[in-house]
There are 2 protein chains.
Amino acid sequence: MTLPTLGLVGLGKIARDQHIPAIAATGLFKLAAVVSPDGATAEGVPSFRSQADMLAALPGLDAVALCTPPAVRHGLTVEALRAGKHVLIEKPPAATLSELHDLAAEAETARRTLFTAWHSQFNPAVEETRRRLANADIRSVAITWKEDVRRWHPGQDWIFAAGGFGVFDPGINALSILTDILPAPVFVRAADLHVPANRDTPIAATLEMGAAPGSRIGRITADFDFLQQGEQTWSIVIHTADGRLDLTHGGTRLFADGVPVLAEPDTEYQRIYRHFHRLVTDGASDVDGRPLSLVADACMVGRWHRTDSFDW
Amino acid sequence: MTLPTLGLVGLGKIARDQHIPAIAATGLFKLAAVVSPDGATAEGVPSFRSQADMLAALPGLDAVALCTPPAVRHGLTVEALRAGKHVLIEKPPAATLSELHDLAAEAETARRTLFTAWHSQFNPAVEETRRRLANADIRSVAITWKEDVRRWHPGQDWIFAAGGFGVFDPGINALSILTDILPAPVFVRAADLHVPANRDTPIAATLEMGAAPGSRIGRITADFDFLQQGEQTWSIVIHTADGRLDLTHGGTRLFADGVPVLAEPDTEYQRIYRHFHRLVTDGASDVDGRPLSLVADACMVGRWHRTDSFDW
């Protein structure tokens, strides 16, 4: 059996650290080409300057995985779908919700798979948390997502340019877990967004959220910070009538009342490629707009504050 | 035949100027009650302090029309749908997109009609413009929506509070027309949002938009201003390969190359109640999230600027 072929578009940190190793480890797709506008290359496969060049050179390509900054994903996804390719999109899947709705419609018209890969959802600890919360009396959920942007996104100015998400770039991972583990829809009630004087996206944000009327879910808060020194924190603490759950390390470890329940090795991207392969095989799509909607909602109902300038 | 009964929730300017006269003029619903937390009344019908009081007192009520500020619409709509009522919601239908998606799901579960009444879409001139643009080569679309907030929303502080939409409160009417008349989806590419130093929502905004790749639609711009003195402007100018269309006066008048095509009397709310009645009769819903999505998108990708304080 021939493996479906895949082109990787965008050769940044996430592509090299996660996608290329996961594609190799799972063995479900054959990496056939990479695209880098800067002319970067990957071992053993041809490299193109644009997706259009790759699509023209390799007409038989089956799928593409998009690891570019979000601002250009809509155009590239439409181009790939219209060329008959299945598409996996890194998070966040588009710059705006209107774009994401359009991509879902384009995939349906093209009869191709579209997969919005919210990687944080692909951890066994997240799945186990969802199972434990399905019928729980949830008193509070507190997200703390604090990391050092200089360490994780060094020099990446696009993240602070308009449309670059700022601290929501990591924060949306927490929101993708939140919408995945809670048994009811979540809404942003209020938000405070702190934007450096010389930038256009938040470097810190706090959100007050709530669940649907009548659901047994209390206060939900999120605290996002991009200037965290020392220990980095990506945790969600949930208090239920039955005790406390700590989902830590970006959703990879779960503790119940302080006792470890699950601590899997970091295999989320392998799960992502297995899921993508299954979707392609089944002729299905998986488009989840909820995390992006919460960010847009926070920007719409939030209070914007100017804070100190940020430089690398 | 007995008319379906309707309760009007919120007795502000729009309820008195538009809803009550349109309900009377169309004769398709019987106004059975009004709700006003301030204890305001309307002639000939009982008045309640809360929707819950009204629902308890009039269990046979068929429908409600919500004319409250957007922040409380989600809770009231859920309450009404779960009580088995059909719901018409004034624009904007919810404070956030997550809320609107939830309302669509609630209406489906309750098997009741939900109608997001974007009133500007209900003008014959808007319909005629849509017809003329269906196969047109559209070179540019320029929205100019400039009004004096002191004249149209005197003292309404909620409009400048977080979640109050600011200049997007009128601007979303233009966006509801835009999404209705164009034959392809629209996306926000960039935005500049000007927020008074002592407020939380924009008092002016400009948007750069574009249509789907491959559509024959050029540059789309919007210029929203809440401090317009003198003549008030709510117009959309469209240049096509065949000439110029001017959709003016909030979508009520259409000119082709300067020649009047349509100038209907202001009957949009009568059309709204006829449409609501038809939806109820057909057991259908009409939920249009596109205008709200464009506002959320503009807030997410926009650059925020502080401008002079605003006081009434």
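A residue counts as buried under 20% relative accessible area, as exposed over 50%, and as partly exposed in between. The exercises below apply this and other rules to a predicted model.

**Exercise 1.** Decide, for Asp288(B) and for Arg290(B), whether the residue is buried, partly exposed or exposed, and state how their side chains meet.

*Solution.* Begin with Asp288(B), whose relative accessibility is 10%, so that this residue counts as buried. Turn next to Arg290(B), which at 40% relative accessibility counts as partly exposed. Finally, look at the pair itself: the side chains of Asp288(B) and Arg290(B) meet in a salt bridge, with 3.0 Å from N to O.

**Exercise 2.** Find which parts of chain A are linked by the salt bridge between Lys91(A) and Asp169(A), and classify both residues by their accessibility.

*Solution.* The first step is the distance, which is 3.8 Å from N to O, and a salt bridge requires the nitrogen to lie within 4 Å of the carboxyl oxygen. The second step is to place the partners: Lys91(A) sits in the loop between β5 and α4 of chain A, while Asp169(A) belongs to helix α7, so that the pair, 78 residues apart, links distant parts of the chain. The third step is accessibility, where Lys91(A) has a relative accessible area of 9% and is buried, and Asp169(A), at 7%, counts as buried too.

**Exercise 3.** Work out which helices are joined by the salt bridge of Asp180(A) with Arg130(A), and classify each partner.

*Solution.* The closest N and O atoms of Asp180(A) and Arg130(A) are 2.9 Å apart. Asp180(A) lies in helix α7 of chain A and Arg130(A) in helix α5, the two residues being 50 apart in the chain. Asp180(A), with a relative accessible area of 13%, is buried, whereas Arg130(A), with 32%, is partly exposed.

**Exercise 4.** Describe the interface of chain B and chain A, going from its extent to its charged pairs and then to its elements.

*Solution.* Start with the extent: the contact takes 35 residues from each of chain B and chain A, and the area buried between them is about 2800 Å², of which carbon and sulfur atoms give 61%. Continue with the charged pairs: 2 salt bridges are found across the interface, and Glu99(B) and Arg189(A) meet in a salt bridge at 3.3 Å, N to O. Then consider the elements of chain B that each supply at least two residues to the side touching chain A, among them α3, α4 and β8; α9(B) gives the most, with 9 residues. By class, this side has 19 nonpolar, 8 polar and 8 charged residues.

Notes: Residues numbered from 1 in each chain as written. Chains lettered and ligands numbered in written order. Predicted model: local features only at pLDDT ≥ 70, side-chain atom pairs only at ≥ 80, totals over all residues. Heavy atoms only, no water. Contact = heavy atoms within 4.5 Å. Buried area = accessible area lost by both parts, 1.4 Å probe. Helix = DSSP H or I, 4+ residues; strand = E, 2+ residues; numbered from the N terminus. Nonpolar A, V, L, I, M, F, W, Y, C, P; charged D, E, K, R; others polar. Buried < 20%, exposed > 50% of the residue type's maximum accessible area, 1.4 Å probe, protein only.
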